[in-house]
Amino acid sequence: MAMKKIDSNAFVYPMPMVLVGTHYQDRPNFMPVGWINRVNFNPPLIAAGINSRHTTAEAITETEVFSVNIPDESMVEVTDYCGLVKGKNVDKSELFDIFYGDLSAAPMIKQCKLTLECKLFQKVEFPTNTLFVGEIANVYADTSILTDEKPDIKKLKPFTLTMPDNRYWTVGERLGDAWKIGNSLKD
Ligand SMILES: Cc1cc2nc3c(=O)[nH]c(=O)nc-3n(C[C@H](O)[C@H](O)[C@H](O)COP(=O)(O)O)c2cc1C
């Protein structure tokens, strides 16, 4: 094995792909985000690193709410399109069927079978991006993607992103059971 230092502009592999929904000047807007993760157990917090120049950053700062929508494989093209145009310049509100939960400025996408609505919990400004930390207020799941009342990745069919090669990937096979498979190494 030969380990070599490579470019330090690195990422985790793979990244989940979501569409963050906001209201920009009262119009629903959606942007794809790969830099997103759950960051606290209780309360349930989710954080996204969003470039401060994006329409979405302005919108969350203004309304203090946002949604996180998980697109499936069939939505890869429209998801990518949302990342090629800015809400400030292009109306992206007609691309999807929209519904609302409890938060009036957090539009959610009906075509996404798993959606979260979030209230802004904290904002941390970095040199180019702002980390928007949201508290998950409600989660909505299409019953077709549930197994034993839980989201089932095989039914949901989300897709992932790798950078810096900038490619989308489908999700593969189950490898084992978490918090379980390692038990074999105890003692
Ligand atoms: C696959 C993909 C992933 C992206 N992930 C992020 C991200 O995590 N953070 C970010 O600031 N921009 C990300 N972008 C860029 C924004 O989605 C893009 O600039 C978008 O047009 C901004 O939209 P808005 O101006 O309507 O907010 C990503 C774009 C693509 C195509």
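This report walks through a predicted model of a protein with a bound ligand, from its overall build to a few individual residues.

## Overall build

Let us start with the whole chain. The protein contains three helices and 14 strands. Its C-alpha trace extends over about 60 × 45 × 35 Å along the principal axes. The radius of gyration is 17 Å, which agrees with a compact globule, because a chain of 187 residues would then be expected to have a value near 16 Å.

Buried residues account for 39% of the 187 residues. The exposed surface of the protein comes to about 11900 Å², and carbon and sulfur atoms supply 54% of that area. Contacts across the sequence are also worth a look: among those between residues at least 6 apart, 60% join residues at least 24 apart.

## The ligand and its shell

Now to the ligand. There are 23 residues around it, and Asn51, Thr55, Thr56, Gly87 and Lys92 come nearest. By class, this shell is made up of ten nonpolar, ten polar and three charged residues.

Oxygen atoms of the ligand have several polar partners in the protein. A backbone N or O atom of Asn51 sits 2.7 Å from a ligand oxygen, and a backbone N or O atom of Pro32 lies 3.0 Å from a ligand oxygen. Lys92 takes part through its side chain, where an N or O atom is 2.8 Å from an oxygen of the ligand. On its own the ligand would expose 650 Å², of which the protein buries 87%. Four elements give two or more residues each to the shell: strand S3 (27–33), strand S5 (45–51), helix H1 (55–63) and helix H2 (76–82). Of these, S3 gives the most, with four residues.

## Helix H1 and Thr56

Helix H1 deserves a closer look. Its buried residues are Thr55, Thr56, Ala57, Ala59 and Ile60. Some of these positions can be read with the helical repeat in mind: an α-helix has 3.6 residues a turn, so residues three or four places apart point the same way. The cover over the buried residues of H1 includes strand S2 (18–24), S3, S5, strand S6 (65–70), strand S9 (114–125) and strand S10 (129–141). Just after H1 comes Glu64, with a positive phi near 65°.

Thr56 lies in helix H1 and is one of the residues that come nearest the ligand. Thr56 counts as buried because its relative accessible area is 1%, under the 20% cut-off. Beyond its neighbours within four places in sequence, Thr56 is in contact with Val20, Thr22, Asn29, Met31 and Ile50.

## Asn29 in strand S3

One of those partners, Asn29, is found in strand S3. Is Asn29 buried or exposed? Asn29 is buried, since its relative accessible area is 3%.

Setting aside neighbours within four places in sequence, Asn29 touches Val20, Gly21, Thr22, Tyr24, Thr55, Thr56, Gly87 and Lys92. Thr55, Thr56, Gly87 and Lys92 from that list are also among the residues that come nearest the ligand. Phe11, by contrast, is 18 residues from Asn29 in sequence and 26 Å from Asn29 in space, C-alpha to C-alpha.

## Two aspartates

Asp72 belongs to the loop between S6 and H2. With 12% relative accessibility, Asp72 counts as buried. Which side chains make polar contacts with the side chain of Asp72? One is Ser74, at 2.6 Å, and another is Lys113, at 3.5 Å. Apart from neighbours within four places in sequence, Asp72 is in contact with Lys113, Leu156, Lys157, Pro158 and Phe159.

Asp7 is placed in the segment before strand S1 (15–16). Asp7 is exposed because its relative accessible area is 59%. The side chain of Asp7 reaches the backbone nitrogen of Asn9 at 3.0 Å. Asp7 and Ser52 are separated by 45 residues in sequence and by 24 Å in space, C-alpha to C-alpha.

Note on methods: Residues are numbered from 1 along each chain as its sequence is written. This is a predicted model: local features need pLDDT of at least 70, side-chain atom pairs count only at pLDDT 80 or more; totals for chains, interfaces and linings use all residues. Side-chain values use heavy atoms; hydrogens and water are left out. A residue is near a molecule or strand if one of its heavy atoms lies within 4 Å of it. A polar contact is a pair of N or O atoms within 3.5 Å; within protein, one must be able to donate a hydrogen and the other to accept it, and residues adjacent in sequence count only if both atoms are side-chain atoms. Accessible areas come from the Shrake-Rupley method with a 1.4 Å probe; for residues, only the protein chains shown count as cover. Ala, Val, Leu, Ile, Met, Phe, Trp, Tyr, Cys and Pro count as nonpolar, Asp, Glu, Lys and Arg as charged, and the others, Gly among them, as polar. The radius of gyration is taken over C-alpha atoms; the globule rule is 2.2 Å times the number of residues to the power 0.38. Buried means under 20% relative accessible area, exposed over 50%, partly exposed in between (1.4 Å probe, protein chains only). Contact means heavy atoms within 4.5 Å.
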